[in-house]
Every structure is written in C-alpha cells, then in structure tokens.
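User: Could you take a close look at one part of this structure and walk me through it slowly? I am a first-year student, so please tell me how each step of the reasoning goes.

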Amino acid sequence: MSTFYIQQFGCRATQADGAAIERQLLDRGCTTASEPAAADIVVLNTCTVTASADAQARDAIRKLHAANPAARLIVTGCYAQRAPEEIAALPGVSWVVGNSHKPQIPDLVHSLSSVAPAKTANNFFPVAALDSDSAAPFHSFVGAQHAAPALGNILTCNIFDRTEFLSAPVLGGEGNHTRPTLKIQDGCDSRCSYCVIPFVRGKSRSLSPETVLSEIRRLSESGFREIVLSGINLGTYGRDLSPRIELESLLRRILDETPVERLRISSIEPLDVTQDLIDLFASTDRIAQHFHMPLQSASNRILAAMHRWYRAGHYARRVELIHERLPHAAIGADVISGFPGETEADHAATIDFIESLPFTYLHVFSFSKRPGTQAASLANEVPGATIKHRARELRALAEKKSAAFRHSQLGRTLRVLTLHRDEDADTQATPAISSNYLKLAVLGRHSHNVWLDVQVSAEAGCCSATDATTPFDTCIVASP
C-alpha cells in the first residue's frame with residue numbers, strides 16, 4: 001500500500017479533519033511517511049481564512065512538487081473548496097478535493113495506489129474513476145456553477161448539500177501530544193460579512209453526544225488528562241440534533257459519564273456565554289478556567305457592518321460576569337484591525353474597551369479581503385499602512401494585558417499539566433500549562449502529562465513546583 005504524508009494548515013477544525021483522514025488511511029493499510037519527500041501521496045489540508053493562508057498553501061504546493069516530483073499531491077480543505085480551479089492549475093497537483101468530498105479521500109488514495117504514475121504533459125496523474133460524482137459539475141462557494149475540468153481532477157460541490165461530519169482527536173500541535181483536541185461541531189449558520197468560513201464548511205452540524213462521550217472515554221483511558229473541545233461555532237453545538245441538546249448539557253454529561261480530568265473549551269461566541277455556563281465552569285475544577293470569545297471590534301458601528309450579533313455592552317457584560325465568578329480566569333479575544341470603514345475613532349473605541357476590561361491575551365488579525373464575502377465589495381478600504389499601525393497598537397496592548405495577568409498570578413499556587421519537553425534543548429525546564437492558560441516553564445526535568453502544584457513567587461517571576469514524590473523545584477513563568 002501507499003505511504004502518505006498529511007501537511008496541515010489552519011485551525012483546529014482543519015487539523016481534526018486531517019486526523020480523521022489519517023485514521024482512515026491507516027485503517028486501510030497505508031503507512032505514514034516521516035516527511036513529504038518520502039511519501040507516495042501527500043495530502044495538503046488547506047486554510048483560506050486570509051489571503052496569506054492561500055499564499056502559504058500555494059508556496060507549499062510548489063515546494064513539495066519541486067522536492068518530490070513523483071508524489072501525487074491531493075489538495076483539500078477550505079482553500080480547495082473555495083477556489084478549486086486556482087489550485088488545480090498549479091504544477092504537481094493531482095487532485096483537488098473540497099471539504100464537500102473530504103470523506104472520499106481514502107477511496108481516492110486507494111485508486112491512486114493502483115495506478116502507475118504515468119505523468120501527463122499538464123502535470124496531472126490520470127487515475128481510475130471513483131464511484132462518486134467526481135465528473136459532475138462543481139459549485140464554487142458563492143454558488144456559481146462551472147464545468148468540471150476535462151481531466152475530472154476536481155472533487156467539490158455545494159458544501160451546503162453535505163451533512164458528513166469528519167473528525168478525529170488531534171494528538172499533535174499545541175501541547176505536543178499531551179492535550180488532544182476533539183472537534184465536536186463543524187460549520188456555521190452565521191454570516192459575518194468578512195468571513196468566508198461558512199461558505200467553505202457549510203451549515204452547523206454536531207457530533208452525536210454518544211460519539212463525543214465515547215471518544216473522551218477512549219482518550220481518558222489512554223492516559224490523556226486534559227482534552228480540548230473545539231468547533232467552528234462551538235456554542236451552537238447540538239442545535240441541529242434531534243432531540244436538541246445544548247453545549248452546557250453536553251458538558252454536564254461529560255463530567256458525569258467520563259473520567260476526564262480536565263476539559264478545555266476553545267473559542268465560543270460571546271452571546272453563547274450564559275450565566276448558567278459560567279456557573280458550571282465555576283462549580284468544578286475539571287473545566288479549565290479559560291474563555292476565548294471573539295470580539296473583532298468594540299465599535300458598535302463596525303460590529304453592525306460586520307453583521308455581528310452583539311454590541312460592545314453585551315460583550316462587556318459577559319466579561320464582567322466571568323470575572324465576578326472566576327476572578328483568575330483567562331479571558332482571550334480575537335480582534336480585527338482595519339475593517340473597511342474603520343475610523344480612528346472606531347479604533348480608539350476598541351483600544352479603550354480592551355484597556356477597561358480584564359483581558360489576559362488577544363489574537364490580533366489584520367483585515368484580509370475574502371472573495372465572495374460582503375466585506376470584499378466595500379469601497380471604503382483602510383490603507384495597508386494604517387492597518388499595520390493599528391495592529392501594532394493592539395498587539396502592544398495585548399502584551400501589556402498579558403503581562404498584567406502574569407503579575408496578578410504571583411504568590412498563587414496553581415495546578416499545572418506538564419507538556420512534552422524538547423530533549424535536545426539546552427534547558428532544565430519543563431513546559432506546563434495551568435487551568436487559566438498560564439504558560440509556565442518548570443525548572444527540572446519532569447515527565448510530560450503529569451500534574452504539578454506550582455507556587456508562583458514574586459522573585460523574578462519564579463515559582464516552585466511539586467508532585468507527590470518530588471521535592472520543590474524552582475520554575476519561571478514563560479510568556480504566553
């Protein structure tokens with residue numbers, strides 16, 4: 001059977017898709033290659049959230065083809081769904097498979113494995129026909145119909161016609177195989193004016209509660225102590241199921257019916273952060289005290305233009321409720337700099353808003369025009385230099401807020417989970433993470449996936465750590 005390599009780009013949802021494809025290929029007898037150059041087939045799982053993400057994928061395709069011309073390149077993911085013809089025109093691309101047809105990639109790999117790689121002049125590898133609608137016309141993400149290329153090397157259709165849910169735990173990435181991520185929701189029913197993701201991932205759909213519980217039990221029994229739950233719009237989990245179930249109810253079932261030691265919730269929309277959800281977080285130490293709520297802007301005028309469902313006052317009240325019940329919780333936000341029509345006053349409103357609230361970190365993004373979105377057609381674009389200047393101000397503020405949060409933790413005793421240590425690095429420190437998303441470097445060579453109680457000291461940001469058998473060591477707080 002073929003050897004394969006999956007190269008991932010983008011968010012945790014994309015990584016979960018790649019993990020599911022890897023699991024399916026291994027089940028079919030394929031073997032993983034240690035690097036792309038050693039693989040018969042390379043699957044590139046792309047992102048399209050920004051123009052730079054598209055450029056990164058194109059650059060990777062060119063480099064992979066140059067390094068391994070014999071490899072069959074299958075390009076999939078959000079960029080493949082949005083602009084399949086653009087990708088198919090790149091040298092070395094054998095197949096373009098949109099999110100709509102990701103579940104068929106194992107069949108495609110099997111088909112490629114049975115055909116000799118006789119290369120054609122136009123850089124495509126002809127393969128045996130699949131039992132699919134691969135020869136049918138496809139739809140781009142804006143709904144315009146095109147004729148399929150003559151070689152039929154594109155597998156994509158209207159993503160809103162598909163109901164498949166592709167997911168498997170992601171064991172790599174942040175946490176280095178210590179904190180797996182489980183995607184339990186995909187797609188989005190909102191239509192933020194700047195966002196292309198609903199058009200390339202389709203409507204909101206949820207993994208069944210039974211499957212979620214089964215996966216979490218399996219991961220816990222395998223020794224994982226913290227599991228991260230993710231989704232494209234996680235707060236909408238279960239609204240598509242019959243009977244309907246809310247995210248809060250799922251979390252209670254996980255706590256009651258699985259042995260997981262700590263859950264962490266990824267990004268969740270502010271209006272989905274209810275008083276009941278906050279109270280649940282505050283009632284147990286088995287849910288990480290960590291909320292990531294996309295803000296994007298604190299200007300109500302810009303929020304309306306973005307088609308966001310809240311205003312600055314609504315968002316502020318959520319932050320205040322969290323801080324009242326969980327004063328040491330991590331509170332993070334996404335912020336977009338330079339949305340079309342953003343004035344200096346709008347930017348100042350966002351700066352002032354962030355200054356006034358207990359945020360602990362920010363993810364700052366420069367506005368990126370995405371084809372087909374409403375924001376892409378707006379005429380009042382902000383100059384690139386202005387966007388960069390405003391983004392720098394936001395990042396400087398983010399570091400200020402992060403530093404203040406780290407300082408507020410001095411003198412506290414925290415329970416942290418150790419992560420994998422780079423054995424080749426010239427350091428005696430072990431990375432670790434706290435419930436409230438504080439990144440620590442614990443001096444001493446500790447095993448990964450171990451709970452440590454650390455006391456953050458006021459002396460040069462140092463702290464001491466212990467477990468059941470180890471005397472106190474010193475540690476330092478690392479920047480998040």
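Analyst: A residue is called buried when its relative accessible area is under 20%, and exposed when that value is over 50%. Keep in mind that the model is predicted. With that cut-off in hand we can turn to Leu263, which lies in strand E12, made of residues 262-265. Because the relative accessibility of Leu263 is 0%, this residue counts as buried. What is Leu263 in contact with, once its neighbours within four places in sequence are left aside? The partners are Ile216, Ile227, Leu229, Leu251, Ile254, Arg286, Ile287 and Ala288. Another pair to find in the structure is Leu263 and Arg179, which are 84 residues apart along the chain, while their C-alpha atoms are separated by 9.6 Å.

The same idea of burial helps with helix H1, which can be reached by way of the strands around it. Strand E1 (residues 3-8) is joined to strand E2 (residues 31-32) by two bridges, and the two run parallel; in E2, Thr31 is the bridge partner of Thr3. Between these strands the chain passes through helix H1 (residues 12-27), and this β-α-β crossover from E1 to E2 is right-handed. E1 also pairs with strand E3 (residues 41-46), again in the parallel sense, over five bridges, and there Ile6 stands opposite Val43.

Helix H1 itself has 16 residues and reaches 22 Å from its first C-alpha to its last, which is close to the 22 Å expected at 1.5 Å a residue. Its buried residues are Ala13, Thr14, Ala16, Asp17, Gly18, Ala19, Ala20, Ile21 and Leu25. When reading such a list, it helps to know that an α-helix has 3.6 residues a turn, so residues three or four places apart point the same way. After H1 comes Gly29, whose phi is positive, near 95 degrees.

Further along the chain, three strands form an open sheet in the order E13-E14-E15, with parallel pairing. Strand E13 (290-292) and strand E15 (361-366) stand at the edges with a single partner strand each, so one side of each has no neighbour in the sheet. On average, neighbouring strands of this sheet are turned by 15 degrees against each other, direction ignored. E13 is joined to strand E14 (residues 330-337) by three bridges, and His290 stands opposite Ala330 in E14. Finally, helix H13 (residues 384-408) lies across E14 and E15, and H13 runs at about 170 degrees to E15.

Notes. Residues are numbered from 1 along each chain as its sequence is written. This is a predicted model: local features need pLDDT of at least 70, side-chain atom pairs count only at pLDDT 80 or more; totals for chains, interfaces and linings use all residues. Side-chain values use heavy atoms; hydrogens and water are left out. Two strands pair if DSSP finds at least two bridges between them. Helices (H or I, at least four residues) and strands (E, at least two) are DSSP runs, numbered from the N terminus. Axes are lines fitted to C-alpha atoms, for helices over the stretch in contact, and angles run from 0 to 180 degrees between N-to-C directions. Contact means heavy atoms within 4.5 Å. A crossover is right-handed if, with the strands pointing away from the viewer, the path from the first strand over the helix to the second runs clockwise. Buried means under 20% relative accessible area, exposed over 50%, partly exposed in between (1.4 Å probe, protein chains only). The expected span of a helix is 1.5 Å times one less than its number of residues.
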